[in-house]
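The following exercises ask the reader to work through one protein model step by step. Each task is followed by a worked solution.

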Amino acid sequence: MDNKRSSLKGSLLLLLVSNLLLYKSVASLPICPSGNVNCQVSLRDLFDRAVILSHYIHNLSSEMFHEFDKQYAQGRGFIRKAINSCHTSSLSTPDNKEQAQQTHHEDLLNLVLTVLRSWNDPLYHLVTEVRGLQEAPDAILEKAIEVEEQSKRLLEGMEKIIGRVHPGVKENEVYSVWSGLPSLQMADEDTRLFAFYNLFYCLRRDSHKIDNYLKLLKCRIIYNNNC
């Protein structure tokens, strides 16, 4: 029995390592190897890369949230304040899988684009301000840098996908404005730590939504819901 358990644990660990290497290998690939002007990547490959990349971003975001929560937020009751306080809460998003399935794919595509654009500014400042956070683990900074970089790549990929699915449609530069920088720079420790916590919490939430929406869109657009 012990040998079977050890073998199972070893297999699971190998699977986790293999998935991590897959995510990192895809994350290192350019969205369009031949350049943005003459992108020769098929729509299916674009979706494959976007889905893997979004899952990679969500995993990193979840790890950052848990690491920050463990080191800075224990006993502070931040979670009660963070619920419904995200800067993207003003965006109308499906609350569950059933609602997402009933949403037209064009609306879902534009929603993913809007959420990604809404994170450009906060991710930039998150990376900057984490550098000054007292006793911040290097892992949090490294992951924040990686999430910012990969979110830009995912945004680029989504712009390509929308250009393929709806060619000729003029994109609107719509996004939800973030105004949380002053809170990240507050001298009051509780206020500043909650601002960080809120960002990590909201990033985990929104990256999960994007991950789910992209999987649904890939199934709907590439496989005609046959998945």
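**Exercise 1. The cavity**

Task: State which helices supply at least two residues each to the lining of the largest cavity, and which helix gives the most.

Solution. The model is predicted.

Step 1. A search of the whole structure finds one cavity of 30 Å³ or more. The space in the largest cavity amounts to about 100 Å³.

Step 2. Its lining consists of 13 residues, and those closest to the centre are Ile 57, Leu 116, Ser 151, Ser 207 and Ile 210.

Step 3. At least two lining residues each come from helix 2 (43–73), helix 5 (105–118), helix 7 (138–165) and helix 9 (189–221). Helix 9 gives the most, namely five residues.

Step 4. Sorted by class, the lining has eight nonpolar residues, three polar ones and two charged ones.

**Exercise 2. The overall fold**

Task: Determine how many helices and how many strands the protein has, and what percentage of its residues is buried.

Solution.

Step 1. The protein contains nine helices and zero strands. Read from the N terminus, the order of elements is therefore α-α-α-α-α-α-α-α-α.

Step 2. A residue is called buried when its relative accessible area is under 20%. Of the 227 residues in the protein, 44% are buried.

Step 3. The protein exposes about 12800 Å², and carbon and sulfur atoms supply 51% of this area.

Step 4. Consider the contacts between residues at least 6 apart in sequence: 84% of them join residues at least 24 apart.

**Exercise 3. Two aromatic pairs**

Task: Explain why the pair Phe 68 and Phe 200 is classed as tilted, and treat the pair Phe 78 and Tyr 197 in the same manner.

Solution.

Step 1. A pair of aromatic rings is described by the distance of the centres and the angle of the planes. Two rings pair if their centres lie within 6.5 Å; an angle under 30 degrees counts as stacked, over 60 as edge-to-face, and the rest as tilted. The count of aromatic pairs comes to seven.

Step 2. For Phe 68 and Phe 200 the ring centres are 5.1 Å apart and the planes stand at 40°, so this pair is tilted. Phe 68 belongs to helix 2 and Phe 200 to helix 9, and the pair links parts of the chain that are 132 residues apart.

Step 3. Phe 68 counts as buried because its relative accessibility is 1%. Phe 200 is likewise buried, with a relative accessible area of 1%.

Step 4. For Phe 78 and Tyr 197 the centres lie 5.4 Å apart with the planes at 55°, so this pair is tilted as well. Phe 78 lies in helix 3 (residues 78–82) and Tyr 197 in helix 9, so the pair ties together parts 119 residues apart in sequence.

**Exercise 4. The surroundings of Tyr 197**

Task: Decide whether Tyr 197 is buried or exposed, and list which residues it touches beyond four places away in sequence.

Solution.

Step 1. Tyr 197 has a relative accessible area of 3% and is therefore buried.

Step 2. Leaving aside residues up to four places away in sequence, Tyr 197 touches Phe 65, Phe 68, Asp 69, Ala 73, Phe 78, Ile 79 and Ala 82.

Step 3. Ring pairs also join Tyr 197 into a cluster with Phe 65, Phe 78, Phe 194 and Tyr 201.

Step 4. Leu 184 is 13 residues from Tyr 197 along the chain, and the C-alpha atoms of these two residues are separated by 9.9 Å.

Methods. Residues numbered from 1 in each chain as written. Predicted model: local features only at pLDDT ≥ 70, side-chain atom pairs only at ≥ 80, totals over all residues. Heavy atoms only, no water. 1 Å grid on protein atoms, 1.4 Å probe; cavity = no way out; pocket = protein on both sides within 12 Å on 5 of 7 lines; lining within 4 Å. Points joined across faces, edges and corners; volume = space filled by probe spheres on them. Helix = DSSP H or I, 4+ residues; strand = E, 2+ residues; numbered from the N terminus. Nonpolar A, V, L, I, M, F, W, Y, C, P; charged D, E, K, R; others polar. Buried < 20%, exposed > 50% of the residue type's maximum accessible area, 1.4 Å probe, protein only. Contact = heavy atoms within 4.5 Å. Areas by Shrake-Rupley, 256 points an atom, 1.4 Å probe, with all protein chains shown as cover. Phe/Tyr/Trp six-rings, centres within 6.5 Å; stacked < 30°, edge-to-face > 60°.
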